[in-house]
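Student: Before we discuss any labels, could you put the sequence and the structure in front of us, and then explain what each label rests on?

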Amino acid sequence: MKVKKNIILFVFSLAVVMLLTAAGVFLFSKTSEFEYSYPDKVKILFAGDLMFDRGIRYYAGKGGGNNFIFEKISDLLFNNDLAVVNLEGPITDEKSVSSGTLPGSTNNYFFTFNPSVAKTLFEENVRLVNLGNNHILNFGSRGLESTKKYLDESSVDYFGAPQGKRSIIKNIDGLKIAFVSYNEFVSNADAEQKSTIEEIKKVKLESALVIVFSHWGVEYAQKPSENIRESAHQFIDAGVDLVIGSHSHVIQPMEEYKGKRIYYSLGNFVFDQYFNEDVRQGLGVIVKINKLTKQLEFEEKNFYLQSNGQTIMR
């Protein structure tokens, strides 16, 4: 009887072990199917200028809605914990004044985005935007307040709004990351530089990493000026771990300074500029942050602006 009991116990134990092993294999195989499963890392995608007026407004309407613009890159956006872009204009219920205008005319450069854009950003995992740029006040302070209202209602975070918070600290899967805005296009650039450095030093004490999102430089310039390079170096000297740039509408070179990366311009992300190949190309930078060591790994994606308004990957 004792032998029989031992045999039954052995068979039962063996069955349990086999069951647990099979379950482990199943769970591992399911996890490995998804390349975005990085339990030890945080993944953030940075992209450049996003503009949803003029031609983009038209193509979105023609394609059945705002999501049409992101249709070819939506999977990439959701393959990261967060996507961060420069929101190149206000979100208001005002009528567009740039739609249908000729390039070079005054109204051609005054943007407003439909209120539905805020919801679309959230739906496409673009849940943090930089507001420190030269178009956010195209419709004045009222347009800025409207932008913040619609972003708040759609749970899209923001930083860099004029006269507002220059930075935001996001807790992403237990890792505190500070995002700081630098906007060269203010009335006093020297004061802006000084305030940005002060903000960097402040948030450095409250976060594991500090990333500066800069709106700077000369449109269509192929490389940064020495003044821009000096500003970027000063940010890193103050404690920044990564610098991301926008505004030039073309991709500019990446530089490493004291072991930190500076992407001077990521070019266009969503924009209706098609007049040459340089403005039709954008760069996406995926930053993979080791939650334990805080080390950064980088993966770059090439974007291309199609003439139907869509952004695709190349």
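Student: In β11, which residue is the bridge partner of D49, and what makes β1 and β11 a pair?

Tutor: The bridge partner of D49 in β11 is N268. Two strands pair if DSSP finds at least two bridges between them, and β1 and strand β11 (residues 268–270) have two bridges, in the parallel sense, so the criterion of at least two is met. The strands themselves are DSSP runs of E with at least two residues, while helices are runs of H or I with at least four, both numbered from the N terminus. This is a predicted model, in which local features need pLDDT of at least 70 and side-chain atom pairs count only at pLDDT 80 or more, whereas totals for chains, interfaces and linings use all residues. Residues are numbered from 1 along each chain as its sequence is written, and side-chain values use heavy atoms, with hydrogens and water left out.

Student: Which other strands pair with β1, and in which sense?

Tutor: Strand β12 (residues 281–290) pairs with β1 in the antiparallel sense over six bridges, and K43 has K288 as its bridge partner there. Strand β2 (residues 82–87) runs parallel to β1 and is joined to it by five bridges, one partnership being that of F46 with V84.

Student: Why is β1 described as largely enclosed by the rest of the structure?

Tutor: Buried means under 20% relative accessible area, exposed over 50%, and partly exposed in between, with a 1.4 Å probe and protein chains only. In strand β1 (residues 41–50), 10 of the 10 residues are buried, so the strand is largely enclosed by the rest of the structure.

Student: Why is S146 called buried or exposed?

Tutor: S146, found in helix α6 (residues 140–153), has a relative accessible area of 14% and is therefore buried. Leaving out residues up to four places away in sequence, S146 touches I91, T92 and D93, where contact means heavy atoms within 4.5 Å.

Student: How do you know that T196 is buried, and what makes its approach to R166 a polar contact?

Tutor: T196, in helix α7 (residues 189–204), has a relative accessible area of 0%, so it is buried. A polar contact is a pair of N or O atoms within 3.5 Å; within protein, one must be able to donate a hydrogen and the other to accept it, and residues adjacent in sequence count only if both atoms are side-chain atoms. The side chains of T196 and R166 make such a contact at 3.0 Å.
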